[in-house]
There are 2 protein chains.
Amino acid sequence: MASNSYTPSAPPVPDPYGWGQQAATDSSYPTTAASPSSYYQPPVPAPPSSQSYHGYAPSPLSSSYGQQSPFPPGTNPEVIRIFQAVDKDRSGFVDDGELQQALSSGYQKFSLRTIRLLTFLFKNPHDSSLRLGPKEFSALWNCLGEWHTIFGRFDRDRNGKIDATELRDALYSLGYSVPPSVLHLLVSYYANGSRQKVELNFDSFIECGMIIKGLTEKFKEKDKGYTGSATLSYDTFMSMVLPFLVAYD
Amino acid sequence: MASNSYTPSAPPVPDPYGWGQQAATDSSYPTTAASPSSYYQPPVPAPPSSQSYHGYAPSPLSSSYGQQSPFPPGTNPEVIRIFQAVDKDRSGFVDDGELQQALSSGYQKFSLRTIRLLTFLFKNPHDSSLRLGPKEFSALWNCLGEWHTIFGRFDRDRNGKIDATELRDALYSLGYSVPPSVLHLLVSYYANGSRQKVELNFDSFIECGMIIKGLTEKFKEKDKGYTGSATLSYDTFMSMVLPFLVAYD
């Protein structure tokens, strides 16, 4: 299904809150089905611009945190400010509701369904609670920034939506070669019974992309040699998959 | 984790609408982790009784359908009546909302989340729509009846709820040996942050049991020799799991 139709024509997307500063380094998963060399290229960091995508301007702030900061070195200070603004009880963690509030200030409002999926995928796996600390929050923010850049690249008419072919190409740009049958399933879900052309907003793009990312990473853990297949026991299979179903309410 | 604590003490559960007439024949999945012989026993069909579980009395009707019936031979006529009552447009199919209505007349009202999961699991795989024909509806009804009998056996105080240990034993009775880590995950989800003892009503029992059943059957398709493990390609893995996530809204 890979084609050579990837011809980005929209101008580079500005970079709200430092989104887009981090290139994709850990989300590429080579499958045996397709070679990405034909039209794959890693996301290109967007240059600062006064023209904003959906009205979000790049942050002019610079980091003022010292070595005691719980945030990773180099964290955009705007990300720190937003985290602190929503972590009102100074617990050092943001929960579902707080994350929804934080992301709303950086972009549109995400559905609680997408928020829960994001929390589940980015939380510290040793923490039984569904919440994010500074490190996890920063990682999520960087990832969303990268995906936001990709989304903007395929949203050529800047209406905030991409269609099924663009979804495929966007996921491909992020390193995921989604089987046609799976892509069809994803798209038909968003069609919701309608026969009209499906278009996904950023929330839906993040939702279905993160499902792909999460499951792919789970699979990679069992396919360390990147062979494209893995042998799983019944218990392992159930433990890999069930968390997605029960967390994803 | 298997114990010998399975000592059903409640009286047999009556059989509303023919539920419980079908023994478990296709849901047993032997895993390498545990032998069911220590306390496993197949579900026992409940004898007719004037005492009803949750007020549902056995149906006095008998089948009057001829060979042209779209229902499988031997289908309880009450099941046919309920199907026809909700299939108002005589399309020959029931959708999510109609199924919810149909099951409400046979038992409690199920959440739409559980209804969608049931439709997804029981629909004809060749039908791209989320809907059930007569055969699928009958199969679902029989399965729910079997599970209702098991649920009633473990709901010893007849308050309509079972706890975590009883959930484990009930799933075990249905042929599913759920790994402790997975069981913990399931239960913590229903705890919803509370530290109180978790109790599941029939809706929640069906929801989490059907997730287990659906994923186990998917795995069995790839482990035809019942070895307890399967080798899956990335595409196969994604195609196995994604339908659960996107159908299960």
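Is A:Arg131 buried, exposed or partly exposed? At a relative accessibility of 29%, A:Arg131 counts as partly exposed, because the buried class ends at 20% and the exposed class begins only over 50%.

Good morning, colleagues. The structure before you is a predicted model. I shall speak about its salt bridges, and then about the interface of the two chains.

A search of the whole structure, over all chains, finds 16 salt bridges. In general terms, side chains of opposite charge can pair when their charged atoms come close. The residue with which I opened belongs to one of these pairs: A:Arg131 forms a salt bridge with A:Asp127, with 2.7 Å between the closest N and O atoms. The partner, A:Asp127, has a relative accessibility of 13% and therefore counts as buried.

Let me turn to another pair in chain A. A:Asp163 and A:Lys197 form a salt bridge, and their closest N and O atoms are 3.3 Å apart. This pair links distant parts of the chain, 34 residues apart. A:Asp163 belongs to strand E1, residues 162–163, whereas A:Lys197 lies in the loop between helix H6 (180–191) and strand E2 (199–200). A:Asp163 counts as buried, at 13% relative accessibility. A:Lys197, by contrast, is exposed, with a relative accessible area of 62%.

In chain B, I would draw your attention to B:Arg113 and B:Glu207, whose side chains meet in a salt bridge at 2.5 Å, N to O. Here too the pair links distant parts of the chain: B:Arg113 is in helix H3 (residues 112–122), B:Glu207 is in helix H7 (residues 202–221), and 94 residues separate them. Both B:Arg113 and B:Glu207 are buried.

I come now to the interface. In chain A, 36 residues are in contact with 36 residues of chain B. The two chains bury about 3500 Å² between them, and 75% of that area is on carbon and sulfur atoms. How many salt bridges cross the interface of chain A and chain B? The rule finds zero. It does find seven residue pairs in polar contact across this interface, both residues being at pLDDT 80 or more.

On the side of chain A that touches chain B, H6, helix H7 (202–221), strand E3 (229–233) and helix H8 (234–247) each supply at least two residues. H8(A) gives the most, with 12 residues. By class, this side has 24 nonpolar, nine polar and three charged residues.

Finally, the strands. E3(A) and strand E3 (residues 229–233) of chain B run antiparallel and are joined by five bridges. In one of the pairings, A:Ser233 has B:Ser229 as its bridge partner in E3(B).

Methods
Residues are numbered from 1 along each chain as its sequence is written. Chains are lettered from A and ligands numbered from 1 in the order in which they are written. This is a predicted model: local features need pLDDT of at least 70, side-chain atom pairs count only at pLDDT 80 or more; totals for chains, interfaces and linings use all residues. Side-chain values use heavy atoms; hydrogens and water are left out. A salt bridge is a side-chain nitrogen of Lys or Arg within 4 Å of a carboxyl oxygen of Asp or Glu. Buried means under 20% relative accessible area, exposed over 50%, partly exposed in between (1.4 Å probe, protein chains only). Helices (H or I, at least four residues) and strands (E, at least two) are DSSP runs, numbered from the N terminus. Contact means heavy atoms within 4.5 Å. Buried area is the accessible area (1.4 Å probe) that two parts lose on being put together, summed over both. A polar contact is a pair of N or O atoms within 3.5 Å; within protein, one must be able to donate a hydrogen and the other to accept it, and residues adjacent in sequence count only if both atoms are side-chain atoms. Ala, Val, Leu, Ile, Met, Phe, Trp, Tyr, Cys and Pro count as nonpolar, Asp, Glu, Lys and Arg as charged, and the others, Gly among them, as polar. Two strands pair if DSSP finds at least two bridges between them.
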